[in-house]
Amino acid sequence: MRYHTLDSLRGLALVNMIGYHFCYDLRYLYRLPLSFMDGRSGFCWQQAICWTFILVSGASFSLSRHPARRGAVVFCCGMLLTAVTLAVMPQQRIIFGVLHLLGCAMLLTALLRPYLSRIPPCAGAVGSFLLFWGSYWLSAGRLFGVQIFDPQGVSGNLLAPLGIYGPGFYSSDYFPLLPWYFLFLCGGFLFALLRRREEGRLLALRVPLLAAAGRHTLPVYLVHQPVLLGVCLILLGQMP
């Protein structure tokens with residue numbers, strides 16, 4: 001069974017992401033005065049896109065026939081982006097971005113699936129969201145509002161995939177497992193809850209163009225940035 005709502009939401013996030021990255025390139029690579037990208041509006045736009053992608057990916061996990069294989073492919077695509085950005089645009093390098101996160105989340109959830117399946121969906125959704133919110137500021141040394149370490153005292157970046165890194169660490173796209181894996185789990189539990197309650201109409205909402213785009217998210221994600229830079233080159237007559 002195809003859940004068209006998931007495709008449509010994924011397509012909406014994809015269109016939003018392309019628009020956001022186009023504005024990002026114009027603002028931070030070409031230094032155009034798009035001041036809204038610097039403040040809360042730009043941050044909220046970026047967060048809305050990422051929340052949608054991660055929640056929908058978590059919801060879609062149970063629909064994959066080979067989730068571990070899918071996770072390995074997505075993670076390898078993330079590592080490809082890391083290699084390309086380090087080689088071509090090191091100032092915009094991606095060390096542990098959203099593809100790394102989603103790939104690891106799929107692999108980890110495939111491993112934990114026998115245990116996660118025992119958790120009631122409602123309790124799982126609430127619990128995973130609370131864990132997400134409680135660990136959201138882990139990179140600043142806080143867990144559930146309690147300061148547990150001084151981030152300035154971290155000497156290396158080996159734990160960057162978990163959200164703990166030292167001074168000077170930078171990644172233009174950074175989504176560590178903590179807290180974002182818990183949001184991925186929340187998406188899976190919410191989807192299980194909706195299916196159990198037979199909310200058919202909520203899961204069958206379809207916007208044809210967005211749904212079509214949402215079925216090809218990964219290849220579009222991989223090629224959209226070079227295409228956007230090509231568009232910028234045509235419009236502005238120069239590379240960043």
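# A walk through a predicted helical model

In this predicted model, the side chains of D7 and R215 come together in a salt bridge, with 3.9 Å between N and O. This pair connects distant parts of the chain, since D7 belongs to helix α1 while R215 sits in the loop between α8 and α9, and the two are 208 residues apart. The two partners also differ in their surroundings: D7 is buried, with a relative accessible area of 3%, whereas R215, at 35% relative accessibility, counts as partly exposed. The cut-offs behind these words are under 20% for buried and over 50% for exposed, with partly exposed in between.

D7 has another charged partner, because the side chains of R10 and D7 also meet in a salt bridge, at 3.0 Å from N to O, and R10 and D7, being 3 residues apart in helix α1, are separated by about one helical turn. Both R10 and D7 are buried. Taken together, D7, R10 and R215 are linked in a network of salt bridges.

The structure holds 3 salt bridges, and one of them lies outside this network, between R27 and D38, whose closest N and O atoms are 2.8 Å apart. Here R27 lies in helix α1 and D38 in the loop between α1 and α2, so the salt bridge ties together parts that are 11 residues apart in sequence. R27 counts as buried, at 18% relative accessibility, because the limit for that word is under 20%, while D38 is partly exposed, with a relative accessible area of 42%.

The surroundings of D7 include a further meeting of separate chain segments. L205 is found in the loop between α7 (200-203) and α8 (208-214), and although L205 and D7 are 198 residues apart along the chain, their C-alpha atoms are separated by 9.3 Å. If neighbours within four places in sequence are left aside, L205 is in contact with H4, T5 and S8.

We can turn now from charged groups to nonpolar ones. In soluble globular proteins, nonpolar side chains tend to be buried together. In this model the largest nonpolar core has 40 residues, and those with the most contacts inside it are I54 and F184. Several helices contribute to this core, with α1 (4-29), α2 (40-60), α3 (67-88), α4 (98-116), α5 (121-134), α6 (177-196) and α9 (217-236) each supplying at least two residues. Which residues does I54 touch, not counting residues up to four places away in sequence? The partners of I54 are V98, L101, L102, F175, W180, L183 and F184.

Nonpolar side chains also appear at the surface, where V223, V227, V231, I234, L235 and L236 form a nonpolar patch with about 560 Å² of accessible area together. One member of this patch, I234, is found in helix α9, and I234 is exposed, with a relative accessible area of 70%.

Aromatic rings form another part of the picture, for the structure holds 22 aromatic pairs. Why is the pair of F129 and W133 called stacked? The centres of their rings are 6.5 Å apart and their planes are at 10 degrees, and planes under 30 degrees apart count as stacked. F129 and W133 are 4 residues apart in helix α5, which means that about one helical turn separates them. F129 counts as partly exposed at 31% relative accessibility, and W133 likewise counts as partly exposed, at 44%. The rings of Y136 and W137, by contrast, have their centres 5.0 Å apart and their planes at 75 degrees, so this pair is edge-to-face. W137 is partly exposed, with a relative accessible area of 34%. The residues of both pairs belong to one aromatic cluster, formed by W51, F129, F132, W133, Y136, W137, F175 and W180.

Finally, some details of the backbone deserve attention. Most residues other than glycine have a negative phi, and most peptide bonds are trans. Against this background, a cis peptide bond joins L178 and P179, with omega at about 15 degrees, and P179 lies in helix α6. R31, which is not a glycine, has a positive phi of about 60 degrees; R31 lies in the loop between α1 and α2 and is exposed, with a relative accessible area of 62%. F144 also has a positive phi, near 55 degrees, and its place is in the loop between β1 (142-143) and β2 (146-147).

Note on methods: Residues numbered from 1 in each chain as written. Predicted model: local features only at pLDDT ≥ 70, side-chain atom pairs only at ≥ 80, totals over all residues. Heavy atoms only, no water. Core = buried A, V, L, I, M, F, W, Y, C linked by side-chain atoms within 4.5 Å. Buried < 20%, exposed > 50% of the residue type's maximum accessible area, 1.4 Å probe, protein only. Contact = heavy atoms within 4.5 Å. Patch = residues over 30% accessible without salt bridge, like charges linked within 9 Å, V, L, I, M, F, W, Y side chains within 5 Å. Areas by Shrake-Rupley, 256 points an atom, 1.4 Å probe, with all protein chains shown as cover. Salt bridge = Lys/Arg side-chain N within 4 Å of Asp/Glu carboxyl O. Phe/Tyr/Trp six-rings, centres within 6.5 Å; stacked < 30°, edge-to-face > 60°.
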